[in-house]
Every structure is written in C-alpha cells, then in structure tokens.
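Visitor: Could you take me through one part of this model closely, beginning at its surface and working inward? I would like the criteria behind each term as you go.

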Amino acid sequence: MNKFAIALITMALLLTGCAGFSLKETRQTYGAKFTGTHPVLAKCVLNKLQSDSRWLIRGLQYDVRTYRDMEATEIYAYPRDSLPGTYARNSPENPDAVLSYNAPQPGVHVSRQAPDTRGDVNPNYSFDLMLKRTDSETVFATINGKKYESDAAWNALKACGAR
C-alpha cells in the first residue's frame, strides 16, 4: 500500500507540474514586394501548395477573394473541415462526399475596410495571404498565420516571384 501511495503522489505531482505547460502555436508575419500581378501570383502559390508533398500543406482548403476596387487578391487557408461552407456532403473526411478537385475560384468582394469587418471569415484559418498591386509590375504581399503553414506559403510565393 505504501508503494502505491508513493506512486500515486508522484503521478499527481507530475501531472500538476505538466499542467502549467501549454503548447502555444506561434504566429508568423511576413511582408515584401514581388514582381508579377496578384492573380498570377495567387494562382501559382495555390498550385504549389496543392501539389506539396507534405500532407498537412496539401490538405489545406482555400477561400480566395479578389478585391477589384483595391486591385488585390487574398487567400485564406483552412485546415480540413474548417473552411466555411464545409458540410458532411462535401467534407474531405467523408468517403462518400462529392468533392471538387478543381482549383478554388476567386470570389469577387468589396474591399475590406478593417480586419474586424470580416464577419464571414472563420477565425481558425491557417494563414491569410494578401497580394496587393503596388504598380504595373509589382505587388506587395503580406502573410499572417500559423508558423508552419505560413512558412510553406511564403516559400511558395518566393518561388513564384522568382520566375
């Protein structure tokens, strides 16, 4: 009984000590100028991410938005089943679902005025990539999101901008 009590107390102390540690996912933010147009760069980034060999990156789902009034394209990447509008009938997790394997088509939106006006955006996105035209030959890109997914998207954007 004595050994059992010591083992129980040791386990309780270990669990209590570990409870204070939490795994916080780090966020990443980048910004830079790239040569090209925002629709072409967005399409190139999506193609690279969808053909990535890493299952976590390849499994992302995208909400692509075009803002004609400010000449920009925005890509929201979501983990599986987190994309707004995903239901059992079209979920990638459902083996009987009717899936669309086509590239995501950009939806045309009015420019977003402030980050808090994005009521239709699920806050669990992996990253948000904004490509905004600066002049006839360059765009300014900013990305904000989870470190791993943002790094993959940023590397894809750098490869697309280097062409």
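Guide: Let us begin at the surface, where W55, L56 and Y148 make a nonpolar patch of about 360 Å². A patch of this kind is built from residues with over 30% relative accessible area and no salt bridge, nonpolar side chains (Val, Leu, Ile, Met, Phe, Trp, Tyr) being joined within 5 Å and like charges within 9 Å, and the accessible areas come from the Shrake-Rupley method with a 1.4 Å probe, only the protein chains shown counting as cover for residues. This is a predicted model, in which local features need pLDDT of at least 70 and side-chain atom pairs count only at pLDDT 80 or more, while totals for chains, interfaces and linings use all residues. Residues are numbered from 1 along each chain as its sequence is written, and side-chain values use heavy atoms, with hydrogens and water left out.

Of the patch residues, W55 lies in helix α3, residues 55-58, where helices (H or I, at least four residues) and strands (E, at least two) are DSSP runs numbered from the N terminus. W55 counts as exposed because its relative accessibility is 66%; the classes are buried for under 20% relative accessible area, exposed for over 50%, and partly exposed in between (1.4 Å probe, protein chains only).

Turning to charged pairs, a search of the whole structure finds 4 salt bridges, each defined as a side-chain nitrogen of Lys or Arg within 4 Å of a carboxyl oxygen of Asp or Glu. One of them pairs R54 with D52, whose closest N and O atoms are 2.8 Å apart; R54 is partly exposed at 33% relative accessibility, whereas D52 is buried at 15%. Another joins the side chains of R65 and D63 at 3.0 Å, N to O, and in this pair both residues are buried.

A further salt bridge, between K147 and D151 with closest N and O atoms 2.9 Å apart, brings us to helix α4 (residues 147-161), in which the two residues are separated by about one helical turn because they are 4 residues apart. K147 is partly exposed at 37% relative accessibility, while D151, at 19%, counts as buried. The 15 residues of α4 should span 21 Å at 1.5 Å a residue, and the end C-alpha atoms are indeed 21 Å apart, the expected span being 1.5 Å times one less than the number of residues.

The buried residues of α4 include D151, W154, L157 and C160, and the buried residues of this helix pack against β1 (27-35), α2 (38-50), α3, β5 (127-133) and β6 (138-146), with contact meaning heavy atoms within 4.5 Å.

A covalent link also ties α4 to another helix: the structure contains 1 disulfide, a pair of cysteine sulfur atoms within 2.5 Å, and this disulfide joins C44 to C160 with an S to S distance of 2.0 Å. The pair links distant parts of the chain, C44 in helix α2 and C160 in helix α4, 116 residues apart. Both cysteines, C44 and C160, are buried, and the disulfide is left-handed because the torsion about the S-S bond is about -85°.

Finally, F127 in strand β5 is buried, with 0% relative accessibility. Leaving aside residues up to four places away in sequence, F127 touches a set of residues that includes L49, Y62, I143, E149, S150 and A153. The C-alpha atoms of F127 and Y148 are separated by 9.6 Å, with their positions 21 residues apart along the chain counted as separation.
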